[in-house]
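Trainee: I would like a close look at the place where the ligand sits, and at the sheets in the same model. Please take it slowly.

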Amino acid sequence: MKSHTEPMPAKKPLVIVTRKLPDAIETRMRELFETRLNVDDTPMSREKLIEAVQTADILVPTVTDRLDAKVLVRAGDRLKLIANFGAGVDNIDLETARARGITVTNTPGVLTDDTADITMALILAVPRRIVDGADVLRKGDFKGWSPTWMLGHRITGKRLGIIGMGRIGQAVARRAKAFGLQIHYHNRKPVPPSVETELEATYWDSLDQMLARMDIVSVNCPHTPATYHLLSARRLKLMKPTAFIVNTARGEVIDENALARMLEANELAGAGLDVFEHEPAVNPKLLKLKNVVLLPHMGSATMEGRVDMGEKVIINIKTFADGHRPPDRVLAAML
Ligand code: 8YV
């Protein structure tokens, strides 16, 4: 097994990029590497993905490319780096990559603020019925103001429970605090006392106990085997029927079927979802509900963010190709 410190061959590495990236990033990649782009952005089939792992020195996949064990065991000896364009790496079987001597990197940090902004937007949009109201107007159903019409729920003073207090969770907490929400969180371990003090945040070791007391719950943890269906039917039932739930992390963290059933039965007040368990499919029950705001996985979708992600991918590739440890190396143990 070759180590990351062993430089790649002197000639430019063959980099295969699975999806269309911002023009500036593609241009720079072409200057630096022998690069195969996907200019028409057609998602790669499983066969095409296998062909790519068999041919490339370096693969640049995105969230939509499933690099599971079955694909990775077919990788050629040349494949040494998977430089994921994205922070989440649940699309990659890290164990198999490690066993085959393939380094994996991601793009943390540069999408934190954008994702936290969308999270905050959903925290506001669902209780305040923003999309509901906009729809009424668009349909021509605004017949004039009334004191008891279009009433939602106040944000200020409510308890927000953040699941996963990493970079994004903390960025959500900072925003939410400015809106007068009380910050609570569940994480594998508490954040440093200085951060807790700054955010006036309360740590809950027990997720069950936190869920039962929150007005709004925000999912901000990665999807790993340990967080799959973390919000199971049993846990969702612990929440107050007046509570709202927001997910901008990964659909797999919530049992989507159970959530849809509970929202339909008014056992939960509403949900703001940017991610889905079987993306791009969305549970048809959710699509029919009024008390939900559904977005098409656009948490990090800003022009600036995509360029920053691309820059990170380039730095990871260049550092690796020069024989150094890339800055954003992902180890299974880190998750
Ligand atoms: C990205 C994301 O759009 O980075 C992530 O983990 O979920 C998204 O915000 C996507 O990953 C790009 O591959």
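Mentor: The ligand comes first, then the two sheets, then two details of the backbone.

This is a predicted model, in which local features need pLDDT of at least 70, side-chain atom pairs count only at pLDDT 80 or more, and totals for chains, interfaces and linings use all residues. Residues are numbered from 1 along each chain as its sequence is written, and side-chain values use heavy atoms, with hydrogens and water left out.

Around the ligand stand Thr 62, Val 63, Phe 85, Gly 86, Ala 87, Gly 88, Leu 111, Arg 250, His 297, Ser 300 and Arg 306; a residue is near a molecule if one of its heavy atoms lies within 4 Å of it. By class, this shell has four nonpolar, five polar and two charged residues. Here Ala, Val, Leu, Ile, Met, Phe, Trp, Tyr, Cys and Pro count as nonpolar, Asp, Glu, Lys and Arg as charged, and the others, Gly among them, as polar.

Some of these residues make polar contacts, meaning pairs of N or O atoms within 3.5 Å. A polar backbone atom of Phe 85 is 2.5 Å from an oxygen atom of the ligand. For His 297, an N or O atom of the side chain is 2.9 Å from a ligand oxygen. Ser 300 has a polar side-chain atom 2.5 Å from an oxygen atom of the ligand. The ligand taken alone exposes 320 Å², and the protein buries 89% of that, with areas from the Shrake-Rupley method and a 1.4 Å probe.

Now the sheets. Helices (H or I, at least four residues) and strands (E, at least two) are DSSP runs, numbered from the N terminus, and two strands pair if DSSP finds at least two bridges between them. Strands of a sheet pair through backbone hydrogen bonds, either parallel or antiparallel.

One open sheet has five strands in the order 2-1-3-4-5, with parallel pairing. Its edges are strand 2 (34–36) and strand 5 (103–105); each has a single partner strand, so one side of each lacks a neighbour in the sheet. From one strand to the next the twist averages 20°; angles run from 0 to 180 degrees between N-to-C directions, with axes fitted to C-alpha atoms, for helices over the stretch in contact. Strand 4 (residues 81–83) pairs with strand 5 over three bridges, and Leu 81 stands opposite Thr 103.

The other open sheet has seven strands in the order 8-7-6-9-10-11-12, also paired in parallel. Strand 8 (202–203) and strand 12 (292–294) are its edge strands. Strand 11 (residues 270–273) joins strand 12 over three bridges, where Leu 273 has Leu 294 as its bridge partner.

Two backbone details remain. The peptide bond from Glu 279 to Pro 280 is cis, and Pro 280 lies in the loop between strand 11 and helix 12 (284–288). Met 150 has a positive phi, near 60°.

How values were computed:
Polar contact = N/O pair within 3.5 Å; in protein donor to acceptor, adjacent residues only side chain to side chain.
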